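Reader: Hey, got a minute to walk me through this one? Here's what I'm looking at.

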Amino acid sequence: MLQYWTAILTEAAIFAILAMGIDMIWGWAGDFDLSAYAYFALGVYMTMVLTIGKPHAPVTYVFGLHLFFPLAVVLAVVVVVAFAAIIGAIALRSLREVYFSITTLGAVWAIYYWVENYTPLFNGYNGVYGLFDPLGGGLSYNAYHYLFFAACLIILLGVYLLVSRISTSPFGRMIRAVRDDESAASVYGRNVFWAKYRTYLFGAGLAGFSGSLFAAYIGAFNPLDWRPTEIFVLYAAILVGGRGNPKGVVLGSFIVYVGFVELTRYIPSPAARPELGPALRQILIGLLIILMLKFRPSGLIPERLGGDGTEGRRSWRTLFAKRTLESKDSDVALGAVSASGVDAS
Amino acid sequence: MSIFWISIGMGIAVAAILALSSVAFTLEYAVSRVVNLAHGEVLTIGAYAAYVAETTFHFNLYECAIVATIFGAVTGMALNYFLIERFRGQKSLSTLIATLGASLILQNLLLIAFGGASVSYAFNQGNLLHVGPFLWTTLTIRVIISAVVVAVLIYIFLQRTKIGKALRAVAQNRELAQVSGIPARSVVMRTWATAGAVSGFAGFLYGETIGTITPTVGNGFLLLSITAAVGGGLGRPYPTLGGALMLGLVMSIAGTYWSSSYQLVVAFGFLVLMLLVKPNGLFVRGKAQTVRA
C-alpha cells in the first residue's frame, strides 16, 4: 500500500510541476496552449536518449549518450525551450485567443505524427526505453523509489516557491495586465509580444523539466503515452485548483490526479472490454472541465490580482500607474486613454 | 504522370468531403463564434449511425446516408442546446475549452458503445472507371457527385431562402438581428442542425471512402477541417470551400511524392503558412495586424 501511494503521489508531484508550467501560459498570459504536452514529451524523450546509451538494432534514436543525469536534464530543457521558441514565435506573433489555440493544436498533432512515423528520431511508434538510475545504482528498488519521491517533493517545493515568487513579482503583475488589456499595457510602454513570449518559453521549459523527471521515473516512453488528449486531465486540474494561482494549481493537480486514479480504480475493467475504465475516466474529465468552466471558472483558490499578501488588495491598474504616471488619478487617466480608442496594436 | 493524376483524383474525393465538413464547421463559427472542437465527433456519430443502420437494419446505401444525416443533425442541435447556448456571452476561449470537454465525452461514449476496433461498411465499391485522366471507382464518383450536390444545396440555402438570409444576418451581428425581429435563437439552432446534418453526411462519405471507422476517425478529420476553414476564411462559407479544395489537393500531392503518414504534418505546415501570410484567410480581402476572435 505504501508503494502504491508513493507511485501515485510521485506522478502527481511531477504533473503538478507540469501544470504550473501550463498555467503560466494559460492562466497568467491567457494563451490557451494545446501543444504543452508536446514539450513535456520532448523533455521525456530528450532525457532518455541522453542517458540510456546507444540503441541496439532494430531500435533507432538520435544521440544515444550516457550523460550525467542533471546534465541531461539541462540539455533536455534547453532543447525544449529552443523548440518552444519556434512554435511561440509563430503562434504569438499576431495570433490571439482561439487562433492561438488552433495553431498550437495543429503544432501538437504535426509533432505527434512526425515522432510516430519518423523512426530515426525517437524510434517512432515503438518508443524509447531503457533502465537508467540517476543515482548510479546501489539502492534497493523500494529505497530508490522512496528517495525519488522525496526528491520530487523537494523539487516541487522549490519550483512552487520560484513560480509564486515570479507570480507576485513586477513581471507576474505585468503579464496579467497584458492579458487583461493588451492595448492599455502597450500604451504604458510594455512590449506585449515579448512579455507573452518570455512567459511562453518559461512555461514550456517547466513542462520540459517535468518531462525529465518523468523520464527518470517511468523508464519507457512511446507515442501512446502522450496522445494529445492525455493533457486534458491537467486542464481539468488547473480549472479545479484555480487558474493563475500557483497554490491552486498544485492543489488541483493533487486533487484531480489522485482523485481520478482512486475513483477509477473501482471501475470494473473486464478483460473483454479493456477500454471501459480509461474511457469512463476520460468522460469524467470532460464533464469536470465543462462543469468547472460553467459554474466555477475561477477554481477553488481564485487568482488574486496584484496581491502579494502583504499590502492588501490593490488593483493592477494602480500598481501600473504608480511607476509610470505618478498620479493619484491614474485609474481615471488610464480609463481616458482606453476610452479615447487608442489602439496600440 | 499517370500516378500524379490518380492521386489528384483521390485528392478531389477527399477534398469534396473536406469541403462539406469544413463548411459545416465554419457555419457553426459564423453564428455562434465558437471554434467547435467537438466537430469531429459529429462526423464520427454520422459514420457509426450509418454503420448500425447497415449491419443491424440492412438499410441500403441511400437510407444509410439519410440515417447519418439525421443523427448528425440531432447531435449538432444537442451540442448547441446543452453546451454552446449555455456558454453564450462568455469568452470564445471558454467555449472552445468546453467543446474540448464535449469532444472527450462523445469520443469515449463511442468507444464504450462500439469498442476500439475499426469497423467498415459492406457496400459494393463498384467498378474501376477511367474518367479523363482520373481513375475512380463508381463509389468514389458517387461520393464526389453527392458532395457537389450538397455544396450546391448549401449555396441555395444560404442565398435563396429566408432562413439563409436570417443566418447571414445573425452571423454578422446577433444582437442587431435580434432587434430587427429575427428570432436569433431559433436561427442559430437551425444552423447547428444544418451544420450537424452536413457533418453527419460527410462522416458517412468519409467512412465509405477510407473504408474503416473508429471512434477517433472524425477527430483526425477535425484538424483538417479547421485548417481548411482558417486557410480560406473562418466563418465565411465560400472562402472555406476554396480553402478545403486547396488543402485536399496539397495533401494528395504531398502524399504521392512524400508519404501519406505525414498528411497532418503537411496540413499543419499549410495552416502555419496561411496564418503567417494571410491570417484572415486566403480568400478574404482586408488585413488585420492582430487576429483574435
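Author: Sure. One term to begin with: helices here are DSSP runs (H or I) of at least four residues, strands are E runs of at least two, and both are numbered from the N terminus. Also, keep in mind that this is a predicted model.

Reader: Fine. So how many helices and strands does chain B have?

Author: Chain B has 11 helices and 2 strands. Read from the N terminus, the order is α-α-α-α-β-β-α-α-α-α-α-α-α.

Reader: Why would you call chain B as compact as a globular protein of its length?

Author: Its radius of gyration is 19 Å, and the globule rule gives 19 Å for 293 residues, so chain B is as compact as a globular protein of that length. Along the principal axes, the C-alpha atoms of chain B fill a box of roughly 55 × 45 × 35 Å.

Reader: And what share of chain B is buried?

Author: 54% of its 293 residues count as buried. As for contacts in chain B between residues at least 6 apart in sequence, 74% of them link residues at least 24 apart.

Reader: Switching topics. How many residues does each chain put into the A–B contact?

Author: Chain A puts in 36 residues and chain B 38.

Reader: Which helices of chain A supply at least two residues each?

Author: Helix 3 (69–94), helix 4 (97–117), helix 10 (232–241) and helix 12 (276–295) of chain A do. Helix 4 of chain A gives the most, with 14 residues.

Reader: What's that side of chain A made of: nonpolar, polar, charged?

Author: The side of chain A touching chain B has 23 nonpolar, 9 polar and 4 charged residues.

Conventions:
Residues numbered from 1 in each chain as written. Chains lettered and ligands numbered in written order. Predicted model: local features only at pLDDT ≥ 70, side-chain atom pairs only at ≥ 80, totals over all residues. Rg over C-alpha atoms; globule rule 2.2 N^0.38 Å. Buried ≥ 20, exposed ≤ 12 C-beta atoms within 10 Å, placed from the backbone. Contact = placed C-beta atoms within 7 Å. Nonpolar A, V, L, I, M, F, W, Y, C, P; charged D, E, K, R; others polar.
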